[in-house]
Amino acid sequence: MKKLTAFALCLVMTASLLAGCGGQSGGTTDETSESGNKVVRIGVYEPQTGDNGPGGKQEILGMQYANYVQPTVEIGGETYDVKLEIVDNRTTPENGPTAAAELVNRDVSIVLGSYGSGVSMAGGKVFEEAGVPAIGVTCTNPQVTSDYDCYFRICFTDPFQGPALASYAYEGLGVTTAYTLAMLGSDYDQGLVHYFTEAFEALGGTVISEDFPEGNANFVSYINNAKSAGAGVIFAPVSTNYAQLIIEAASAQGYEGSLLGSDTWDNNKVAESTVGKNVSVEVTTFYQEGGDPDFDAGIKEWINANDDAKTNNGGNDMVAAVTVMGYDAYFTALEALKAAGSTDPQAVLEALPSVTYDGVCGHIEFDDIGDAKRDQAYIKTANTETGAWDFVKVQGVA
Amino acid sequence: MQEILPYLINGISVGGQYALIAIGYTLVYGILRLINFAHGDVFMVAGLIMVYATTAMPMYLALPLVLVVTVLLGFLIERVAYKPLRSAPRMSLMISAIGVSYLIQNLAFYITGGVPQPVTNPIPWISENVELFGQSTKRVTLVTPVLTILLVVALVYLINHTKIGMAMRAAAKDFETAQLMGIKINAVISMTFVIGSFLAAVGAMLYFTNYPSVSITSGGMPGLKAFVAAVFGGIGSIPGAVVGAFVIGLCEEIIKGLGYTTFSDAFTFALLIVVLCVRPTGLFGEKVTDKV
């Protein structure tokens, strides 16, 4: 009897394994959709789980909304339906190559993403080998585009963002001592801290840098270190999850300076976590809600009509900058497809450098390395009463 | 003094949280000779239940519910994953524990979508800020060590002065003989899991008041460090686990205060290796005598 049960269990497990594989087979480039149009696939390479899960989901939202607004594209005189192929790269570089390979196998013509620079670089190698072009949406580490010819980017980079924040802290806030906090092993955190430190010291300030290990939840001692060093700002370009913990610790320890964040902090949850706390949080970002009222109204309506979208946006209809960037990235990809006149990744890759597009976040034009030419960032601050972001100023580099 | 004070307060508080988890490891080890790897995840689940319960119902219902559900979970884990393996080699039990740990993490992954869940309704009173010797901190930081000590005193009383406590001691000494003497061994083992889970649930409430975001891996680090604390104090010994936890909590924070933030975790695990090499029985561990 026992053997029989065990055998039956094994059978069920094997069957479920096979069933799991079933759904993923099939699918070629010549497939036609229900409307009879040919299908072009755009890969979405984003984290949906892990530390960057919330940010990745918001970035995908922008692409999904764009796909809802503009579901077809004219390529070489034919109308194609655009299908988003979404994979989860799970935040960490170890999982990146598998997710990237999955996209290549699904015959995508171009890839968008990822949120997070480390995982983008991990995927870049796979895209490079397969000859598939990729557009980085909000990955700001310079190596993403400099190391991989197939990678382009529509946002500003850390060599710009770090100094912009340094200028803001030194000249805008009048602070001479800064404390930086980064996660060990994170390309994004360490890169930004490096550029910030370089610029802040060049301006004449002093910087104290410390690191925390992955999975750390207790930031109380770090805040105390910043206090005893007399730092006027804490610059922590960390992921959303840690940002909330740092805000909590700073508030509990009564830290009086400013918390400076990078584009990762621009998230509804971060703004909400400051409600009722005596903290000052300022971040650089790509877009400020209100920059394009028509766009804001449209996406809010779409988010409110769609429960999944609302959950993925953190349960409200605030428009995050990464969402808007995702939207612009989608349209940039469509421009590239139009210019290429083909769904062949190689043709798209050749067409991409000359593509220009006027997006919600501004004009997009690529330089020789594949980076968008951008020279200003928005600075906004968290309103501790409403839990929303308020615009402060547009910041360039001094 | 004024400079190191916040680090000390924080260290004691962190130690208290580790202690509540470490007791769960040490109790189960004492009786079953099993490292219950799922214990850290039980702690994480308690945090998740707290997030969901406090948003859905008033605080006076939510908190008891967290305790009850966590205790039930601990009880169920023992019944489903460990009891059928009672006569199997100890290694099978250990592997089963690892399996349970991953099962819980993946279930939590499925439910939360892998996204950290913020604690939107922290427990009132203990989450408020207070001033202590001119330093601002959350009240929970002060409550944690006190509550930990009270619970440990209650537990030691339970073990030394009640019938079930005596049964637990007997089972820890010699499993088979205790059974022969008429002790209902399954009830005793269930009881250890119930106590362990209860303390983990209390620990989770305190922990996630201080660090208000629960992700599926939240149980990992505190669980591991509590395990190190249990080994450091001598696994199987309750006072050992508590002392070990406070030592580790304090050392970690002091190391951060000295500016070696990068090495705070490395220290904990280096300590584990040193203890295992130099004094495998830990600070208060029982001496192993070979039975003839």
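Let us start inside chain A of this predicted model, at a pair of residues in neighbouring strands: Leu259(A) has Val281(A) as its bridge partner in E11(A). The two strands involved, E10(A) and strand E11 (residues 280-285) of chain A, pair in the parallel sense over 4 bridges.

**Around strand E10**

On which sides is strand E10 (residues 258-261) of chain A covered? Both of its faces are: Ser258(A) and Leu260(A) are buried on one side, and Leu259(A) and Gly261(A) are buried on the other. E10(A) also pairs with strand E9 (residues 233-235) of chain A, again in the parallel sense, over 3 bridges. There, Val233(A) has Ser258(A) of E10(A) as its bridge partner. If you follow the chain through this part, E9(A), H9(A) and E10(A) form a right-handed β-α-β unit.

**The six-stranded sheet**

Chain A also holds an open sheet of 6 strands with mixed pairing, in the order E2-E3-E1-E4-E5-E6. Its edges are strand E2 (72-75) and strand E6 (151-153) of chain A, each of which pairs on one side only. On average, and with direction ignored, neighbouring strands of the sheet are turned by 35 degrees against each other.

At the E6(A) edge, the partner is strand E5 (residues 134-136) of chain A, and the two pair in the parallel sense over 3 bridges. Ile135(A) has Phe152(A) as its bridge partner in E6(A). A helix packs on this sheet as well: helix H3 (residues 96-105) of chain A touches strand E1 (38-46), strand E3 (78-88) and strand E4 (110-112) of chain A. The direction of H3(A) makes about 155 degrees with that of E3(A).

**Loops worth a look**

As general background, most residues other than glycine have a negative phi, and most peptide bonds are trans. The table gathers some local departures from that pattern.

| Residue(s) | Backbone value | Place |
|---|---|---|
| Thr91(A) | phi near 70 degrees | loop between E3 and H3 of chain A |
| Asp107(A) | phi about 60 degrees | loop between H3 and E4 of chain A |
| Gly113(A) and Ser114(A) | cis peptide bond, omega about 10 degrees | Ser114(A): loop between E4 and H4 of chain A |

Is Thr91(A) buried or exposed? Thr91(A) counts as buried because it has 26 C-beta neighbours inside 10 Å, and the cut-off for that class is 20 or more. Asp107(A), with 19 other C-beta atoms within 10 Å, is partly exposed.

Another loop residue to inspect is Val132(A), found between H4 and E5 of chain A. Val132(A) is buried, since 23 other C-beta atoms lie within 10 Å. Which residues does Val132(A) touch, not counting those up to four places away in sequence? They are Val104(A), Val108(A), Ile110(A), Val111(A), Phe127(A), Cys150(A) and Pro345(A). For a sense of distance, Val132(A) and Asn67(A) are 65 residues apart in sequence and 20 Å apart in space, C-alpha to C-alpha.

**Two domains in chain A**

Stepping back, the domain assignment of chain A gives domain 1 (38-156 + 294-366) and domain 2 (158-285 + 378-395). Their C-alpha centres lie 27 Å apart. Where they meet, the contact takes 20 residues from domain 1 of chain A and 19 residues from domain 2 of chain A.

On the domain 1 side, H2, helix H4 (117-130) and helix H13 (321-340) of chain A each give two or more residues. Which of the elements supplies the largest share of that side? It is H4(A), with 3 residues. By class, the domain 1 side has 8 nonpolar, 11 polar and 1 charged residues.

**Where chain A meets chain B**

How many residues of each chain take part in the contact between chain A and chain B? There are 28 residues of chain A in contact with 28 residues of chain B. On the chain A side, helix H2 (53-69), strand E8 (206-212), helix H8 (220-228) and helix H9 (240-252) each supply at least two residues. The largest share, 6 residues, comes from H8(A). The residues of chain A on this side divide into 9 nonpolar, 15 polar and 4 charged.

Some elements appear in more than one part of this account. H2(A) gives residues to the side of domain 1 that touches domain 2 and also to the side of chain A that touches chain B. H9(A) belongs to the β-α-β unit described above and supplies residues to the contact with chain B.

Definitions and conventions:
Residues are numbered from 1 along each chain as its sequence is written. Chains are lettered from A and ligands numbered from 1 in the order in which they are written. This is a predicted model: local features need pLDDT of at least 70, side-chain atom pairs count only at pLDDT 80 or more; totals for chains, interfaces and linings use all residues. Two residues are in contact if their C-beta atoms, placed from the backbone, lie within 7 Å. Ala, Val, Leu, Ile, Met, Phe, Trp, Tyr, Cys and Pro count as nonpolar, Asp, Glu, Lys and Arg as charged, and the others, Gly among them, as polar. Two strands pair if DSSP finds at least two bridges between them. Axes are lines fitted to C-alpha atoms, for helices over the stretch in contact, and angles run from 0 to 180 degrees between N-to-C directions. A residue is buried if 20 or more other C-beta atoms lie within 10 Å of its own, exposed if 12 or fewer, and partly exposed in between; C-beta atoms are placed from the backbone. A crossover is right-handed if, with the strands pointing away from the viewer, the path from the first strand over the helix to the second runs clockwise. Domain bounds come from an automatic or database domain assignment.
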